[in-house]
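Biologist: I'm new to this one, so please pick a single part for a close look. After that, could you work outwards from it?

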Amino acid sequence: MSLSWSWRERIKPWHRPIPRISRELLGAWLELFVLTGFAIAQPILDVTGEAPDFFLFRRASRLDMLLLVLAVTIAPALVLGLVELAAELAGERARELVHLVMVAGLSALIALEALKKLLPMRGKRLALLALLLAAGFALLYQKGPWVRLWLRYLVPAPLVFALLFATTSPSAELLRPVRTAAVAPLRTASGRALPPIVMVFFDEFPLQSLLDSSGQVDRRVYPNFADFAAHSTWYRNATGVSGFTPYAVPAMLTGRYPSKVVAPILQNYPENLFTLFGSWYNLKVSETITQLCPPVRCGVTAGSRDASGLGAVLKDSAGIYKSIVSPYDTPVNPASFADTQTAAEAGGKGGKKLDTKDPSALFKNNLSNAELNAPSRFTDFLDSIKASDAQPTLYFLHILMPHTPWRFEPDGALYNQGSLPFLLSLPEEQWPRQYVELTHERHLLQLAYTDKLVGDLIQRLKDQGLYDKSLVLMTADHGNGFATGERARRLGPSNAPSLMWVPLLVKAPNQHAGKVDDRNWEQVDLLPTLADMAGIKVPWKMDGLSEVGPPARTRGDKYWYDHPGDRVSRDGPSNWATVLKGVTDSLVRAHQHGDQGFYQYGWFADWVYKPPSAIGRVAARPAAKATIRNWKLFATIDPKAATVPALVVGQLTTGVPPPGMTVLVAVNGRVGGASLFYADHAGQPADKFAVIVPDFLYKRGPGQSQLQVYLVKDGGGQVPKRLLPVALSG
């Protein structure tokens, strides 16, 4: 008996039920696992899964991608579980209260994400409705055991989200092993010497921005582009085929129109310029968004400054999630990476409004670092061009210039781009005209700096003795639409001239005389033409045509793909006529003041550089107050500082100005720019303004006193304007 009792006592712990508190903690953690899966993992994996360019842009490895999946699927529930475990120290009731609060909070996030898709309302009303729904769900959770049971039955859901990301999403292609045919050894061309080839793909670069009213590159502000055009063949009627880089660049490098949504990687485009020319050429390739060059030839094709890996992936994913759970729309462009662009745009089929679900939106959210590093990447590219290189060599660079975010002055100085929220919380087609005009002005300023980079490239080639003997090609994958009421990178009723037409300049070896060729060129013609010039046969079928010799395309319309496989067309001659009207001596005053004329933009062009008293009668006392964003930046001005506060962003705090009221910004008694007031959220008053002013108007020393802001009141008729001073603060 004693022995039997002792045996039972020894095995009794193995038969005891798990203590109640342990079962409750496990069940509570499973509930948090489900809720964080729907609130965090599903939206992040859904967005990033649809945008392989997000990972390509960051040069994320397979391990980085898998760690992201673990981070968003497991980590949030683990962290909240630890919080709940700590709360248990204060007692069961405290733990249950903390758990209920977390259930309500996660439910609010899920409700907010769902309501943004279902309802048109935004802002505080949307957030309040989400909170009310979350409170109702929390009440049901507390009162109804069936809700807890239902949540626990959903435990497999987060794992399903991760599995779908890793197996069926477009980004899943990046997780699969690279299978490519062996690259043939370099061959020597028989009977002819192959020239070095230098190719530069710019990005978000409308041809129209280069031109004056005579349809020529304006030498007064773009001297290096003009000089290169004077010694090359300029295909002036060239157009891109898509406003989204992951579709546009593969089309240029394969000679095929975009036909399906796939990642811009070698596995999906094994027949491309690099695999073709790689049999004849040494390759020095720096790609930005794509990975089309075989690693055995090119290695890692992005500049090391952009290869940020897991840290950048996690940081940018957090930024994406912040946009997803915002009660406002956060429109973005493809790049952006950044691409930096600046609104919801291409990639949506059938005109569907795209939010952070848009893969191109995701791309745009991640452009800023690459854009900031663009000059450094350009320098690295220049350094890679050496006379000692075994020739023939193909030098290739895709650089995000003059791509958004715009932050460079014409001389290369940075200004305070961060003072302006990168995106207005409005769909891009609802952006106010004055904001669109500001983006256009800033684009032109950055393009002037891009011209300086072109001069550096030409000089490097000459210094290395490669300029004359090389085939040099400069172009862009697409432009940028600056039409109010339309998306910048999706084809609309009126933005075709600035979105579709791009620069295309080709200097053949030993070419010294320039030539303008106005044939109907589309960017799918680039590969067949380049191969024909090099005497290399393309062994696959292409949509593009070789434009060596007589014009090969007889139609006049232009093809475009907002979405692969969905072709639209625009009339070529009528839109091209608009392109040739240019902008440099009409939209701005470059013909009068060179680079300084870029600040003389649009309707206020004639005001800039004049004293305010020349515009109207200046009142003696301040009539309003305004706060200036990042006011501390203006405390001390140093012309040699890394960032110059050229962007003045403010908000009137003494009431909403009347419709049509103009705000004028002056620096040291000279007008720097003007703007109408606008609202950056739906339903908010139009009391904000943003003006970029010439940085050279500042003087060294205290800067806040150098800035003056006025409200311009138009008396109408013969009554002179009145300028009402505005008191400024931070």
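Modeller: First, a bit of vocabulary: helices (H or I, at least four residues) and strands (E, at least two) are DSSP runs, numbered from the N terminus. This is a predicted model, where local features need pLDDT of at least 70 and side-chain atom pairs count only at pLDDT 80 or more, while totals for chains, interfaces and linings use all residues. Residues are numbered from 1 along each chain as its sequence is written, and side-chain values use heavy atoms, with hydrogens and water left out.

In all, the protein chain has 21 helices and 23 strands. Of its 730 residues, 58% are buried (under 20% relative accessible area; exposed is over 50% and partly exposed in between, with a 1.4 Å probe and protein chains only).

I'll pick the largest cavity as our part. A cavity here is a set of points on a 1 Å grid over the protein atoms alone where a 1.4 Å probe fits but cannot get out, and lining residues have an atom within 4 Å of a point. The largest cavity holds about 110 Å³ of space (points are joined across faces, edges and corners, and the volume is what probe spheres set on them fill). Its lining has 14 residues, and Gln434, Glu441, Phe604, Ala674 and Ser675 are the ones lying nearest its centre. Helix α17 (433-463) and the strands β19 (670-676) and β20 (688-692) each bring at least two residues to that lining.

Let's stay with α17 for a moment, as Ala448 is found in this helix. With 0% relative accessibility, Ala448 counts as buried. Look for Glu409 too: Ala448 and Glu409 are 39 residues apart in sequence, yet their C-alpha atoms are 7.8 Å apart in space.

Now for some other helices, seen as rods with faces. Take α7 (residues 124-143): its 20 residues reach 29 Å from first C-alpha to last, close to the 28 Å expected at 1.5 Å a residue (the expected span is 1.5 Å times one less than the number of residues). Its buried residues are Leu126, Ala130, Ala134, Phe137, Ala138 and Tyr141. Down the axis of α7 these buried residues fall within an arc of 110 degrees, so they line one face of the helix (the arc is that of the directions from the helix axis to the C-beta atoms). An α-helix has 3.6 residues a turn, so residues three or four places apart point the same way. Flip to the other side of α7 and you find Lys124, Arg125, Leu128, Leu132 and Lys143 exposed.

Helix α4 (residues 62-73) has 12 residues and reaches 17 Å between its first and last C-alpha, close to the 16 Å expected. Its buried residues are Asp64, Met65, Leu68, Val69, Val72 and Thr73. They cover an arc of only 160 degrees around the axis, which puts them on the same side of α4.

Helix α9 (residues 156-167) also has 12 residues; they should span 16 Å, and the end C-alpha atoms are 16 Å apart, which agrees. Buried in α9 are Ala157, Pro158, Phe161, Ala162 and Phe165. Seen down the axis of α9, they fall within an arc of 145 degrees, so they line one face of that helix.

The loops are worth a stop as well. Pro270 sits in the loop between α11 (245-254) and α12 (273-277), and its 46% relative accessibility makes it partly exposed. Although Pro270 and Thr254 are 16 residues apart along the chain, their C-alpha atoms are separated by 9.0 Å.

Most residues other than glycine have a negative phi, and most peptide bonds are trans. Here are some exceptions. The bond from Gln391 to Pro392 is cis, with omega near 10 degrees, and Pro392 is in the loop between α16 (368-384) and β5 (393-398). Another cis bond joins Met401 and Pro402, where omega is about 0 degrees; Pro402 is in the loop between β5 and β6 (414-415).

As for phi, Tyr609 has a positive value near 80 degrees. Tyr609 lies in the loop between α21 (590-593) and β13 (617-618), and at 13% relative accessibility it counts as buried. Asn630 also has a positive phi, about 55 degrees, without being a glycine. Asn630 lies in the loop between β14 (624-628) and β15 (636-637), and counts as partly exposed at 37% relative accessibility.

Methods:
On a 1 Å grid over the protein atoms alone, a cavity is a set of points where a 1.4 Å probe fits but cannot get out, and a pocket is an open set with protein on both sides within 12 Å along at least five of seven lines; lining residues have an atom within 4 Å of a point.
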